[in-house]
Amino acid sequence: VTTGSNGAAEFQNLPFGEYLLKEITAPAGYVISDELRTGVAVTIGSVQTIELSFANNTQKGSIDIAKVAEDGETPLSGAVFGLYRAVDAVDPIAVKTTGNDGKALFDELEAGTYYVKEISAPTGYILDSTVYTFVVGDGAQAAWAHRKTVANEKKRFSLQLRKTEET
């Protein structure tokens, strides 16, 4: 049986007995609860109508940022990233700093469009001001789990020496 637009499902003309109620597929953007995944025992007895209510939890997504040196492999710790809901990337809703593994994880994200921007580069590296777009959820351009590797260039300095005569 499939629930209707009101979220209700009805089983009719069931004989007395024991039944196991399971949810097979959750609506898009939701996950099946542990309770309904394993099944709920229902006993049909002398009561003609039994009403049961269950709530579905929304599916959560994640954005995993890997910060590496310009060689594309060496992880960089200390990069600070902001997570934003607006493309202008002004007011972060979350801020994460990469650890020794070079990773920063934004998780427990509801479906929607998010933007990630580096706020502070690791010491000795140039800030990457690119705003990266991620669509969390279902659909052609969306995914529940995103991974992005961002490489930083080292800062290059110049040193100028002036040699003078000794007096």
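**Exercise 1: a sheet of four strands**

Work out in which order the four strands of the open sheet stand, and which of them are at the edges.

*Solution.* Start with the order: in this predicted model, the open sheet runs 7-6-9-10, and its pairing is antiparallel. Next, look at the two ends of that order. Strand 7 (94–97) and strand 10 (131–136) are the edge strands; each has a single partner, so one side of each has no neighbour in the sheet. Now check the twist: ignoring direction, neighbouring strands here are turned by 25 degrees against each other on average.

Then zoom in on one pair. Strand 6 (residues 80–84) and strand 7 run antiparallel and are joined by four bridges. If you want a spot to find on screen, try Gly-82, which stands opposite Val-95 in strand 7.

**Exercise 2: a sheet of three strands**

Now do the job again for the open sheet of three strands: find its order and its kind of pairing.

*Solution.* Read off the order, 8-5-11, and note that the pairing is mixed. The edges are taken by strand 8 (103–109) and strand 11 (145–152); each of them has just a single partner strand, so one of its sides is left without a neighbour in the sheet. For the twist, neighbouring strands of this sheet are turned by 15 degrees against each other on average, direction ignored.

Finish with a pair again. Strand 5 (residues 61–69) runs antiparallel to strand 8, and five bridges join the two. Asp-64, for instance, has Leu-105 in strand 8 as its bridge partner.

**Exercise 3: the largest pocket**

Describe the largest pocket: what is its volume, and which residues line it?

*Solution.* First, the volume is about 1,400 Å³. Second, 36 residues line the pocket, and Ala-8, Ala-9, Glu-10, Phe-11 and Leu-21 are the closest to its centre. Third, sort the lining by type: 20 residues are nonpolar, 12 are polar and four are charged. Last, ask which strands take part. Strand 1 (17–21) and strand 3 (40–44) each give at least two residues to the lining, and strand 1 supplies the largest share, three residues.

**Exercise 4: rings**

Find out how many aromatic pairs the whole structure holds, then look at what sits over the ring of Tyr-114.

*Solution.* Searching the whole structure turns up zero aromatic pairs. Tyr-114 still has something to show you: the charged end of Arg-85 sits over its ring, 4.3 Å from the centre.

How values were computed: Residues are numbered from 1 along each chain as its sequence is written. This is a predicted model: local features need pLDDT of at least 70, side-chain atom pairs count only at pLDDT 80 or more; totals for chains, interfaces and linings use all residues. Side-chain values use heavy atoms; hydrogens and water are left out. Two strands pair if DSSP finds at least two bridges between them. Axes are lines fitted to C-alpha atoms, for helices over the stretch in contact, and angles run from 0 to 180 degrees between N-to-C directions. Rings of Phe, Tyr and Trp (its six-membered ring) pair if their centres lie within 6.5 Å; planes under 30 degrees apart count as stacked, over 60 as edge-to-face and the rest as tilted. A charge sits over a ring if NZ of Lys or CZ of Arg is within 6 Å of the ring centre and within 35 degrees of the ring normal. On a 1 Å grid over the protein atoms alone, a cavity is a set of points where a 1.4 Å probe fits but cannot get out, and a pocket is an open set with protein on both sides within 12 Å along at least five of seven lines; lining residues have an atom within 4 Å of a point. Grid points are joined across faces, edges and corners, and a volume is the space filled by probe spheres set on the points. Ala, Val, Leu, Ile, Met, Phe, Trp, Tyr, Cys and Pro count as nonpolar, Asp, Glu, Lys and Arg as charged, and the others, Gly among them, as polar.
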